[in-house]
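Colleague: I would like a close look at a single part of this model. Please take one place in the chain and then set it against the rest.

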Amino acid sequence: MIGTFIGRLLGVFFASVLAVLTALVTLFWIGGSWATRRTQSGMDPQDPLYGASEIIGVVQFAMEAAPALTLAPAALAVIAGEVLKIRSPLYYIAGGGIAAVLMPLLVRSGDGAATALSTEYIAIVATAGFAAGLVYWLIAGRNA
């Protein structure tokens, strides 16, 4: 019984780490591409910084995405899924997307900023959460 519990705990930890890595890769791959296009749209292709706009775009997106990198909502979704023995891929995929979008929305509404997050930003962060939820379900969630 203890061995089963420890094995399950290690499986959940491993799945969580891979899910986080998946979210980070997805977030910065799609987000960096989006930010690069946004940066390049106002630049002249002959500008010497045009070639560095990809790096500038990724750094800019990383600074914008910092609130999305909080793991607390995702950890709560994982714990709830494990305790309640939820095996549905829909729960983990939707939960990952909601958890990913939750923190930027809370941070933005909490700082009194009048500007709303762009729909593209929300879609990118949600996609990273969906990917993380799918990876977690494939490794550990389907056996909750």
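Where is lysine 85 placed?

Modeller: This is a predicted model, and what follows is computed from it. Lysine 85 sits in the loop that runs between helix H3 (72-83) and helix H4 (89-110). Its phi is positive, about 55°, although the residue is not a glycine. Lysine 85 counts as exposed because its relative accessible area is 55%, and the cut-off for that class is over 50%.

The setting of that loop is a protein with five helices and zero strands. Read from the N terminus, the order of elements is α-α-α-α-α. Of the contacts with a separation of 6 or more, 77% are between residues 24 or more positions apart.

For the interior, helix H5 (residues 119-139) is a useful reference. Its 21 residues should span 30 Å at 1.5 Å a residue, and the end C-alpha atoms are 30 Å apart, so the two values agree. The buried residues of H5 are Tyr121, Ile124, Val125, Ala126, Ala128, Gly129, Ala132, Gly133, Val135, Tyr136 and Trp137.

The largest nonpolar core has 21 residues, and those that touch the most other members are Leu27, Trp34, Phe61, Tyr121, Ile124, Val125 and Tyr136. Helices H1, H4 and H5 each supply at least two residues of this core. H5 gives the largest share, eight residues. As a general matter, nonpolar side chains tend to be buried together in soluble globular proteins.

Not every nonpolar side chain here is in the interior, however: Phe13, Val17, Val20, Leu21, Leu24 and Leu71 form a nonpolar patch on the surface. Together these residues have about 500 Å² of accessible area. One of them, valine 20, lies in helix H1 (residues 2-40). Valine 20 has a relative accessible area of 31%, and is therefore partly exposed. That value also meets the requirement for patch members, which is over 30%.

For the protein as a whole, 33% of the 144 residues count as buried. The accessible surface comes to about 8500 Å², and 74% of it belongs to carbon and sulfur atoms. To return to the part you asked about, lysine 85 is an exposed residue in the loop between H3 and H4, with a positive phi.

Methods:
Residues numbered from 1 in each chain as written. Predicted model: local features only at pLDDT ≥ 70, side-chain atom pairs only at ≥ 80, totals over all residues. Heavy atoms only, no water. Patch = residues over 30% accessible without salt bridge, like charges linked within 9 Å, V, L, I, M, F, W, Y side chains within 5 Å. Areas by Shrake-Rupley, 256 points an atom, 1.4 Å probe, with all protein chains shown as cover. Salt bridge = Lys/Arg side-chain N within 4 Å of Asp/Glu carboxyl O. Helix = DSSP H or I, 4+ residues; strand = E, 2+ residues; numbered from the N terminus. Buried < 20%, exposed > 50% of the residue type's maximum accessible area, 1.4 Å probe, protein only. Expected span 1.5 Å × (residues − 1). Core = buried A, V, L, I, M, F, W, Y, C linked by side-chain atoms within 4.5 Å. Contact = heavy atoms within 4.5 Å.
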